[in-house]
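Me: I would like a close look at one part of this model: how its packing relates to the space inside it. Please walk me through that in one connected answer.

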Amino acid sequence: MTRRRLFLIVRIAAWAAVGACVVVFARRLDWDQVIHSFEGVDLGLAVAATAIGVPCVLMQGLRWSSLVRAVRKVSRFTPVAAMYVGQAASALLPMRAGEAVRTELLARATGIGRATALGTVALDHSVNGVVMFAFAALLPALLPVPRWMAAAVWVGMAGALGLVFVLLRLSRHPESIPNGRVASVVARARSGLMAARNPTAVAQAAGFSALSWLCEIAVTLLTLAAFHLPHDLPHAMAVIFGVNLALIIPSPPASLGNFELGAGTALVAFGGPTEHAAAFAIGLHAVQLLPNLLMGGIMLGVVRRPAPRPAAPPVGAQEA
């Protein structure tokens, strides 16, 4: 069995498992109450939450640009625009393929090699993961959480820190790269990991990551308030962590099913009403998707132009 076929089987199995969980969850719902929850939504708060989604992705783009600029001095706006387009692409493509889209767009717009761009994306996710789990680590201190969630937080923190350590080691020590196909891929991506050796770039990325998570918390708080659910910091953080935990599973376009399952389960785990939790999960997903699709369409024209090539020397000019 080829690796591609095995990967396809695993992906289909993951989708089937998520679909089964969503079906089981949906069958237990009183959909009349779900619809009633939508009828009572505070539209003003929902619009405000949607608007905050724009600077939220902006902070994510600035986080990535801090790492990209440690590799090559490019305009900060280029990685930001690529991030917006990548987020919009993830709403239309499965398996969060927007990550590949933003990598390709950055390479085309700046002339950075694709492997180098991929290295910056890997480091970007690592820094963001550490900051996310640092926020999540506060959750058990703010709210009595299930043991499995507390364990997941600390295991995730350890995993994120371990990944950062590995990337830092690869960026400094070529002899630590394994042999074989992995060696060739990592060797080409090493230049994109150079930012891990730049404390200023990593600190800037971590700062923008923290700002982006604060925006995420604000969006979640406003959406919880719009649906007349408990809208304090612990509940918002629980929802965000539940969503990101569910997104680890291979997902269909726009993470449909995964997102709702993570957000709804987090609220139900803390005693929230099931029907209101389901309505909120659907509403929060829409609140996050709308600004991504809008800004992605606007930014597409900025990053789809290839990087200018250097002018050819005049005919007959001597080579240096």
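Reply: Happy to. Let's begin with H3 and H6, whose axes (lines fitted to C-alpha atoms over the stretch in contact, with angles from 0 to 180 degrees between N-to-C directions) come within 9 Å and cross at roughly 135°. This is a predicted model, in which local features need pLDDT of at least 70 and side-chain atom pairs pLDDT 80 or more, while totals for chains, interfaces and linings use all residues. Residues are numbered from 1 along each chain as its sequence is written, and side-chain values use heavy atoms, without hydrogens or water.

The two helices (DSSP runs of H or I, at least four residues, numbered from the N terminus) are therefore oblique to each other; under 35 degrees is roughly parallel, over 145 roughly antiparallel, 65 to 115 roughly perpendicular, and the rest oblique. On the H3 side, the contact (heavy atoms within 4.5 Å) is made by Arg63, Trp64, Leu67, Val68 and Val71. H6 answers with Thr116, Thr120, Val121, Leu123, Asp124 and Asn128. By class, that contact splits into 6 nonpolar, 3 polar and 2 charged residues (Ala, Val, Leu, Ile, Met, Phe, Trp, Tyr, Cys and Pro are nonpolar, Asp, Glu, Lys and Arg charged, the others, Gly among them, polar).

Asn128 leads us on to the largest pocket: together with Arg96, His125, Asn244 and Leu247, this residue lies nearest the pocket's centre. The pocket (on a 1 Å grid, an open set of points with protein on both sides within 12 Å along at least five of seven lines) holds about 1200 Å³ of space (filled by probe spheres on the points). Its lining counts 47 residues, with the largest share, 9 residues, coming from H6. H3 (43-71), H4, H5, H6, H8 (147-172), H10, H11 and H13 each supply at least two residues to that lining. The class tally is 27 nonpolar, 15 polar and 5 charged.

H4 and H13, which both help line the pocket, also pack against each other. H4 (77-90) and H13 (274-303) meet at an angle of about 130°, with axes 7 Å apart, so they too are oblique to each other. From H4 come Phe77, Thr78, Ala81, Ala82, Tyr84, Val85, Gln87 and Ala88, and from H13 Asn292, Leu293, Met295, Gly296, Met299, Leu300, Val302 and Val303. This contact has 12 nonpolar residues, 4 polar ones and no charged ones.

Gln87 turns up again in the lining of the second largest cavity, beside Met83, Gly86, Ser90, Gly98, Glu99 and Arg102. The structure holds 2 cavities of 30 Å³ or more (a 1.4 Å probe fits but cannot get out; lining residues have an atom within 4 Å of a point). This one has a volume of about 30 Å³. H4 and H5 (98-110) each supply at least two of its lining residues, and H4 gives the largest share, 4 residues. The lining comprises 1 nonpolar, 4 polar and 2 charged residues.

The largest cavity, of about 100 Å³, brings us back to H6. H6 (114-136), H10 (199-226) and H11 (233-246) each give its lining at least two residues. Met132, Phe135, Ala136, Trp213, Ile217, Met237, Ile240 and Phe241 form that lining, and by class it has 8 nonpolar residues, with no polar and no charged ones. H6 thus makes a good thread to follow: it packs against H3, gives the largest share of the pocket lining and helps line the largest cavity.
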